[in-house]
Amino acid sequence: MPTADERSLASSVPDPVLAIVRRLASVGRRAWVVGGCVRDVLLARREGAAAASRNDWDLATDARPEEVMRAFPRVIPTGLRHGTVTVLDGGVAYEVTTLRGDVSYSDGRRPDAVRFVDDLVEDLARRDFTVNAMAWDPIGGRLVDPFGGVADLEAKLLRAVGEPAARFAEDGLRVLRAARFVATLELELEERTAQAIEPSLASYRKVSAERIRDEWMKTMKARRPSRAFEVMRAHGLLEATAPELLDAVGCEQNRHHAWDVWTHTLACVDACPPEAVLRVAALLHDIGKPRSRELSSKTNDYTFHDHERIGAEIAGPLLERLRFSNDERGRVVALVRHHLVCYDERWTDAAVRRWVRRVGTELLPELYTLVRADVRAKGRDADDEVARVDALEARAAALLAAGAALGVADLAVNGAELVRAVGRTPGPWVGEVLRQLVEEVIEDPARNERGALLERGRALATSRA
Ligand code: ATP
Ligand code: MG
């Protein structure tokens, strides 16, 4: 009798995967579905959800890479040295990897050599966590679970396969994967697995910045990434990677907040939609607070003057160190820089236009989302503040829709026209005059009219000469 898990697996595996397994069987080889895809089907069943449709169905086989290459018409030798062949079917790629045994990791990063084996259980034994060390045999209809992955899923535990300290020491990335899976799979760290993290930090410190960044980005897809960052804080990963964040822990806030800066920061990350860059900005948005905090004798409460500017200065180098792209870093730094919005309805239209110009129109959608998450993450009723963000967004949108000019490109004259009207050789004065015209148009949009601008431009150019 198949178990409920086996029935779920049988109905989830897509036909092309089944066809790959059958094709290998026809040349006398066995193949299994392994790793994250098996785990996710079993998790989805427990959550009563339909398994998220995924494209990365990974297969393990006792066929050697050359045999796999010969068995299929369309293949890519993705990582032959590591035993991985990509089989293409209907535009979808399936990774078929030859069973591998345990190998030595003398550098704590990459296995020294690859050793192909015939035994599935040996292959599963080198995998990181029990929930990732299960295989599904679609022909026999049998789930292979030698390390108790199903029991751990039932108990909601993330447990290392084998001796946790040894497994973490051989590959430093695993402790960070542990933090990520605590968030994405919503599991708890099994106790011995948790205790093995700190003794493995030397190995973790050898992990490249790019791989850490990639794990952070994957973590941000979780419903609550805070679960991972709390593990990273508690077990020393954050101290090794982003110590700048630790000053937030226990940093008391002003009386509008229920929580310290760290708790608020994590609540803000969780309150953002699952977009990685936005959530990284949430993680860093108050990173300048501990450094700017002062106790006001007048109000007997804390102030955080300039924390958004200081925060942007701290965030930039941190993201550079973690090898975020220039675009990602620029967006996050700008979001941190502008996250403090002191809008109230007494702002004039000109003030709203100045604010929009300072922030930049491209950043507005992400900024509104971040600011809403920020005010919701105070642990206090935030309806009034959310309503204020809504009001600012509506006013800015209306002004933009009315054609508000916010930059030189929006002016009703261009540089060449200005040069002709003034009758002087082009030089730095052109840009200076155009920028001054923008200032004046932001104050009064009625001035964005060709004749008036040229006349005013002539006057400005003359006074500059
Ligand atoms: P995701 O849903 O993020 O793809 P995954 O579990 O599939 O999660 P992958 O990085 O795609 O993760 O790896 C596939 C499988 O390979 C894992 O399930 C695990 O069995 C094994 N694995 C991956 N990385 C490691 C590692 N660093 N150490 C040991 N086993 C690993
Ligand atoms: Mg995967």
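In this predicted model, the charged side chains of the chain comprise 68 positive and 73 negative groups. The centres of these two sets lie 3 Å apart. The accessible surface amounts to about 21,600 Å², and carbon and sulfur atoms account for 49% of that area. Turning from the surface to the interior, buried residues make up 49% of the 465 residues in the chain.

The overall fold can be described next. The secondary structure of the chain consists of 24 helices and eleven strands. With a radius of gyration of 29 Å, well over the 23 Å that the globule rule gives for 465 residues, the chain is more spread out than a compact globule. Along the principal axes, the C-alpha atoms fill a box of roughly 90 × 60 × 45 Å. Contacts within the chain were also examined by sequence separation: of those between residues at least 6 apart in sequence, 67% join residues at least 24 apart.

Strand 1 offers a helpful place to look at the packing in detail. This strand spans residues 31-34, and both of its faces are covered. Ala-31 and Val-33 lie on one side, Trp-32 and Val-34 lie on the other, and all four are buried. Strand 1 pairs with strand 2 (residues 58-61) in the antiparallel sense, over three bridges. Within this pairing, Val-33 of strand 1 has Leu-59 of strand 2 as its bridge partner. Strand 1 also pairs with strand 6 (residues 135-137), again in the antiparallel sense, here over two bridges. In strand 6, Ala-135 is the bridge partner of Val-34. Val-33 and Val-34, which belong to opposite sides of strand 1, thus each take part in a bridge, Val-33 with Leu-59 and Val-34 with Ala-135.

The backbone holds two further points of interest, both in loops. Most residues other than glycine have a negative phi. Lys-156, although not a glycine, has a positive phi of about 60°. Lys-156 sits in the loop that runs between helix 6 (149-155) and strand 8 (157-158). Its relative accessibility is 37%, so Lys-156 counts as partly exposed, a class that lies between the 20% limit for buried and the 50% limit for exposed residues.

Asp-306 likewise has a positive phi, of about 70°, and is not a glycine. The loop that contains Asp-306 links strand 11 (301-303) and helix 17 (307-321). Asp-306 is partly exposed, since its relative accessible area is 37%.

Terms used
Residues numbered from 1 in each chain as written. Chains lettered and ligands numbered in written order. Predicted model: local features only at pLDDT ≥ 70, side-chain atom pairs only at ≥ 80, totals over all residues. Heavy atoms only, no water. Rg over C-alpha atoms; globule rule 2.2 N^0.38 Å. Buried < 20%, exposed > 50% of the residue type's maximum accessible area, 1.4 Å probe, protein only. Contact = heavy atoms within 4.5 Å. Areas by Shrake-Rupley, 256 points an atom, 1.4 Å probe, with all protein chains shown as cover. Lys, Arg positive; Asp, Glu negative; His and termini not counted. Charge placed at Lys NZ, Arg CZ, Asp CG, Glu CD. Pairing = 2+ DSSP bridges.
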